[in-house]
Amino acid sequence: MIVDGEERREDELCPSRELCPSREQLRELQVLWQTGQGPDATDEMRQQVALHAERLARECAGDETELAEVVAVIAMMLAPVLMDKRLTPEARALIDEYFATAFALLDDEAANDPPGDWAPTRPLIYILEPDAALAHDLTQQVEHFGYEVTVVVTFKALLALVARQTPRAVIMDVHLRGMETALAAEQLHAAAGQNVPLLLLSDHGDVASRLQAVRAGADAYMAKPFDLHDLIDQLDRLAWQRTREPLQVVIVEDSVTQATYYSALLRKAGMVTTVVRDPLRLLDVLHEKAADLILMDMYMPGCDGQELAKVVRQFSRYASIPIVYLSGETEIKRQLDALSRGGDDFLTKPIDPVHLIRSVAIRAERARSLRTFMLTDTLTGLLNHTRIKEQLQSEVARYARCGGKLAFAMLDIDHFKSVNDTHGHSVGDRVIKTLARVLQQRLRATDYVGRYGGEEFAVIMVDADVDEAVEILDQVRASFESIRQFAPDGGFRVTFSGGVAGVPPHGNATAVTYAADQALYAAKRAGRNRILRENDLVTGSGV
Ligand code: GH3
Ligand code: MG
């Protein structure tokens with residue numbers, strides 16, 4: 001997305017799905033370009049590429065998207081060929097980069113498709129556990145937390161399974177008769193690949209056994225008897241660690257060529273970039289995107305980078321986003337001045353691509369950890385109260401701009417005080433974590449889950465109506481109810497109630513929150529362990 005003027009507001013924040021050029025058109029141009037580079041290419045063939053690019057750029061000009069701009073740049077760079085000029089190797093390399101960027105933009109658009117259904121991905125876990133009772137318990141609990149489980153009782157069977165389909169993680173009881181742990185782990189990694197996390201269960205909790213597990217290449221180790229929740233925590237950590245979201249970088253740069261170049265470099269390194277060409281539009285973009293870093297040109301028409309950094313810093317929620325200046329400025333005093341006005345680092349143009357990628361990645365990564373820490377609830381890892389409220393406001397604002405729909409739910413654990421009173425506060429904390437976990441697993445990546453208060457949660461389901469939300473949350477309710485909670489004094493079960501309201505009909509965050517809260521209280525009054533929609537207040541009926 002290139003942001004370039006007030007009139008583009010609708011387009012850029014509610015992007016249309018049909019992009020120009022299509023993937024096929026772009027591919028066709030790229031094939032022509034590549035053939036035009038071959039040793040047998042004639043001047044006429046080279047000119048054909050330039051003409052084709054020019055036609056495509058004209059066709060897409062009305063689109064005003066970053067993709068259309070990239071095609072325009074390609075056409076511009078090819079223009080000298082029409083005047084019988086040869087391109088330099090640098091220019092040819094740059095054109096290749098622009099093609100890569102254009103395809104990456106198309107990929108992004110495909111990935112930004114509206115959220116899918118709620119059929120969650122269930123990561124596959126293999127468990128090797130010869131003890132039938134423990135295997136049964138493990139399977140039940142691990143499946144409750146959204147994993148698909150296959151249990152085997154022999155190591156040979158495990159190897160056969162791994163050869164057929166690679167799992168997200170393997171849990172292995174090391175009580176293997178006649179086999180050394182290290183050897184088993186080695187064979188497993190040889191069959192499944194080094195990247196498959198391995199969690200070992202053992203009868204021994206001593207340091208020597210733990211050390212042996214580390215040397216065998218295990219990623220986690222649990223000595224029996226263990227709390228199944230601890231096992232789930234470990235499993236979550238291992239199974240999801242390799243599916244992290246890419247870093248998001250916002251590039252503020254008025255020159256299309258430079259912006260496209262930096263964007264291509266960072267994308268190649270696996271980051272997601274958004275280019276802002278009109279500095280005055282930066283705040284809109286920050287509002288929409290969870291930026292991990294801002295890469296800012298120092299001198300731009302309209303306002304300079306230092307002024308813009310100060311404006312960004314006026315908002316406390318953007319205070320932790322690092323701002324890295326990019327500039328031809330080499331004078332140290334000026335650089336320091338700029339840093340004192342809200343910037344975090346200074347990269348001097350022309351910058352070595354490797355240096356740029358590393359500087360950006362390191363700073364962005366660190367800022368992300370810090371932000372996660374500030375914006376999430378420490379017990380559950382969910383969004384905290386302030387963040388979920390802000391997100392609701394932002395989603396309602398998006399609805400006002402772009403239309404669509406969203407559902408908002410308030411959930412509250414039933415009789416939670418008695419859980420604390422009977423089993424103690426730390427068991428209560430466990431129950432809160434368990435509900436958080438089930439919600440995260442069951443909802444889509446595009447939904448938002450927050451801890452609203454002590455044992456109260458809030459959920460924003462984008463692009464969902466109230467009926468869909470009630471249906472899904474009722475499945476979560478049933479799933480949570482069936483989980484056996486653990487306490488030293490025995491197992492028990494807990495339920496929760498929920499209230500759901502929608503946008504539309506509500507048009508602001510306060511109204512939809514109030515409506516969901518009222519529905520929640522109706523659910524409590526109606527006997528708890530149910531999800532009610534706002535309209536159920538009138539009829540008194542539930543799910
Ligand atoms: P209801 O079904 O009507 O919601 O009843 P309830 O017992 O859940 O509601 P109540 O508001 O009476 O009690 C909520 C309890 O939650 C009181 C408070 O001590 C406890 N609580 C709040 N935050 C936490 C927390 O972080 N950890 C634990 N363990 N308990 C908490
Ligand atoms: Mg409660």
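User: What spacing do the donors of the magnesium ion (ligand 2) follow along the chain?

Analyst: Happy to start there. In this predicted model, the donors follow the spacing D-I-x41-E. The Asp and the Glu of this pattern link distant parts of the chain: Asp412 sits in strand S12 (residues 406-413), while Glu455 is in the loop between strand S13 (448-451) and strand S14 (456-462), 43 residues apart.

User: What makes Asp412, Ile413 and Glu455 donors of the magnesium ion (ligand 2)?

Analyst: Distance does. A donor is an N, O or S atom within 2.8 Å of this metal. Asp412 (OD), Ile413 (O) and Glu455 (OE) coordinate the ion at 2.0 to 2.2 Å, so they meet that cut-off. Water is not among the atoms, so the site may look incomplete.

User: Why is Asp412 called buried, and what is Glu455 called?

Analyst: Buried means under 20% relative accessible area. Asp412 has 10% relative accessibility, so it counts as buried. Glu455 has a relative accessible area of 21%, and is therefore partly exposed.

User: How do you know where the largest nonpolar core lies with respect to the domains?

Analyst: The largest nonpolar core has 55 residues, and Leu199, Leu231, Leu439, Phe457, Met461 and Val500 touch the most other members. Domain 2 (124-240) and domain 4 (385-536) both give residues to this core, so it lies between them. There is also a second, separate core of 28 residues, with Leu26, Ala57, Leu67 and Leu78 among them.

User: Into which domains is the protein chain divided?

Analyst: The division is into domain 1 (15-109), domain 2 (124-240), domain 3 (246-374) and domain 4 (385-536). For domain 1 and domain 2, the C-alpha centres lie 51 Å apart.

User: What makes the contacts of ligand 1 with Lys417, Asn420 and His425 polar contacts?

Analyst: Here the test is a pair of N or O atoms within 3.5 Å. An oxygen atom of ligand 1 is 2.9 Å from a polar backbone atom of Lys417. For Asn420, a polar side-chain atom lies 2.8 Å from a nitrogen atom of the ligand. With His425, a polar backbone atom is 3.0 Å from a nitrogen atom of ligand 1. These distances meet the cut-off, so each pair is a polar contact. The protein buries 66% of the 650 Å² that ligand 1 exposes when taken alone.

User: Which residues come nearest to ligand 1, and which element gives the most to its shell?

Analyst: His415, Phe416, Asp429, Arg451 and Arg528 come nearest, out of 16 residues around the ligand. Helix H18 gives the most, with four residues. S12, helix H17 (416-423) and helix H18 (425-442) each supply at least two residues of that shell.

User: What makes the backbone at His415 and Asn529 worth a look?

Analyst: Most residues other than glycine have a negative phi. His415 is not a glycine, yet its phi is positive at about 45°; this residue lies in the loop between S12 and H17. Asn529 is not a glycine either and has a positive phi of about 50°. Its place is in the loop between H20 and strand S16 (531-533).

User: Which peptide bonds to Pro225 and Pro504 are cis?

Analyst: The bond from Lys224 to Pro225 is cis, with omega near -5°. Another cis peptide bond joins Val503 and Pro504, with omega about -10°. Pro225 lies in the loop between strand S6 (220-223) and helix H10 (228-240), and Pro504 in the loop between strand S15 (496-503) and helix H20 (509-525).

Notes. Residues are numbered from 1 along each chain as its sequence is written. Chains are lettered from A and ligands numbered from 1 in the order in which they are written. This is a predicted model: local features need pLDDT of at least 70, side-chain atom pairs count only at pLDDT 80 or more; totals for chains, interfaces and linings use all residues. Side-chain values use heavy atoms; hydrogens and water are left out. Donors are N, O and S atoms within 2.8 Å of the metal (3.2 Å for Na, K and Ca); water is not among the atoms, so sites may look incomplete. Buried means under 20% relative accessible area, exposed over 50%, partly exposed in between (1.4 Å probe, protein chains only). A nonpolar core is a set of buried Ala, Val, Leu, Ile, Met, Phe, Trp, Tyr and Cys residues joined through side-chain atoms within 4.5 Å. Domain bounds come from an automatic or database domain assignment. A residue is near a molecule or strand if one of its heavy atoms lies within 4 Å of it. A polar contact is a pair of N or O atoms within 3.5 Å; within protein, one must be able to donate a hydrogen and the other to accept it, and residues adjacent in sequence count only if both atoms are side-chain atoms. Accessible areas come from the Shrake-Rupley method with a 1.4 Å probe; for residues, only the protein chains shown count as cover.
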